[in-house]
Amino acid sequence: MRFNEFVANDRLIEEITEAVKTNTLPHAIILDGAKGTGKQTLAKIIARSFVCTSEGTSDIKPCGKCPACLKAEHLSHPDIFIANGNNTGELTVDAIRNIRADAYIKPNEAPTKVYLLLNCDKMLAPAQNSFLKVLEEPPANVVFIMTVTSANMLLQTVRSRSRLYTLYPVQPQAAAEYIYRIFPEKDYGDILHTAQLCDGNIGKTLEMLESGGEEAKKIADEIFTAAIKGNEYTVLTSTNKITASRTLAVSVLDFLTENVAECVRASVGIKTLSAVAEDTAKRMTKGRILRLAENIERAKQVLETNVNLNFFSTWLSSMLKV
Ligand SMILES: [Zn+2]
């Protein structure tokens, strides 16, 4: 993957590519942003820009084609080190000590050695202090790239020796278009709907799509249509489907919330894209729609407790009678 394939965050990408072109990226970089905003993807692209051997002047590194880029793509470049942490994801003092010792050994083949410290949310203060030693007197030809959900989780002393780049979620439509380019076999409407639910967070959208988002949406639509028509039997059989897994149940409730929100918008005269919402707004009073919204919110809270799913699905079907 190259910089121009990274979706949105245009100004940030421009700033970074400019620094790549002028060879002014610092030796310590922090990428911060919510989970799913692409920090690790961007960290890997930056890492590749340091090992890419492309000679072309018009190409911005990484070129994605040279042997070094291909090795990096396959995670087998000898000068890119990825620290993922131990089995609980923690970057321990020992792990940092190993990195420190290794950093003073010359690169194998690239001009620069790159260390990716992914998920620094799990680098506790003692490990950070140990890391600080190498940041204060960095060996030549070494770059450290850290990713963290918020730079505030890092010590001020670490932050002050690094350059911070912040990533933001993108517009849902841009997120959906990006995902659709990777998975053209998926339904674009489903992707866009999921991306809207996830506020443009690409990682979250992909996770929801993978965890049966499309199925969850289908079930939610079934439940919802039956509920507004007062078809109790279908509500019961449809809610019974969420007992398959807790993740599915959570997704179904998220989609139900979105369905009701559409109805609320339609009931106050805002044009929506949902035919069901438009129809519901005509059939139900605003008071009933709001009651439905409240009950779904309550159901979400109940689901957060360790409630039995069979019990929950039956209870949910009764809550949908408004
Ligand atoms: Zn290259």
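How many residues of domain 1 are in contact with domain 2, and with how many residues of domain 2? Seven residues of domain 1 are in contact with six residues of domain 2. The model is predicted. Its protein chain is divided into domain 1, residues 3-166, and domain 2, residues 172-319. The points below cover the domains, a five-stranded sheet, the helices that lie across that sheet, and two separate nonpolar cores.

**Domains**

- The C-alpha centres of domain 1 and domain 2 are 39 Å apart.
- On the side of domain 1 that touches domain 2, three residues are nonpolar, three are polar and one is charged.

**The sheet**

- Five strands make up an open sheet with parallel pairing, in the order β2-β3-β4-β1-β5.
- The edges are held by β2 (80-83) and β5 (163-166); each has a single partner strand, so one side of each is left without a neighbour in the sheet.
- On average, neighbouring strands of this sheet are turned by 20° against each other, direction ignored.
- At one edge, β2 is joined to β3 by four bridges, and the two strands run parallel. Alanine 83 has leucine 117 in β3 as its bridge partner.
- At the other edge, β5 is joined by four bridges to strand β1 (residues 28-32), again in parallel. Here leucine 31 stands opposite tyrosine 165 in β5.
- As general background, the strands of a sheet pair through backbone hydrogen bonds, either parallel or antiparallel.

**Strand β3**

- Five of the five residues of β3 are buried, so this strand is largely enclosed by the rest of the structure.
- Lys113, Tyr115 and Leu117 point one way from β3, while Val114 and Leu116 point the other way. The charged residue Lys113 is thus among the buried positions of the strand.
- Leaving aside neighbours within four places in sequence, leucine 117 is in contact with Ala83, Leu91, Met123, Phe144 and Met146. Of these, Ala83 is also the bridge partner of leucine 117.

**Helices across the sheet**

- Helix α2 (residues 39-51) lies across β1, β2, β3 (113-117) and β4 (142-148). The angle between α2 and β4 is about 170°.
- Helix α4 (residues 93-103) lies across β2, β3 and β4. Its angle to β3 is about 170°.

**Alanine 127**

- Alanine 127 is found in helix α5, which spans residues 125-136.
- With 21 other C-beta atoms within 10 Å, alanine 127 counts as buried, because the cut-off is 20 or more.
- Alanine 127 is in contact with Leu91, Thr92, Val93 and Ile96, leaving aside its neighbours within four places in sequence.
- Glutamate 90 is 37 residues away from alanine 127 along the chain, and their C-alpha atoms are separated by 9.6 Å.

**Nonpolar cores**

- The largest nonpolar core has 41 residues. Within this core, Ala47, Val114, Leu116, Leu117 and Ile145 touch the most other members.
- At least two residues of this core are supplied by each of β1, α2, α3 (67-73), β2, β3, α5 and β4.
- Helix α2 gives the largest share of this core, seven residues.
- A second, separate core has 26 residues, among them Ala220, Phe255, Cys263 and Ala299.

Definitions and conventions: Residues numbered from 1 in each chain as written. Predicted model: local features only at pLDDT ≥ 70, side-chain atom pairs only at ≥ 80, totals over all residues. Pairing = 2+ DSSP bridges. Axes fitted to C-alpha atoms, helices over the stretch in contact; angles between N-to-C directions. Contact = placed C-beta atoms within 7 Å. Buried ≥ 20, exposed ≤ 12 C-beta atoms within 10 Å, placed from the backbone. Domains from an automatic or database assignment. Core = buried A, V, L, I, M, F, W, Y, C linked by C-beta atoms within 7 Å.
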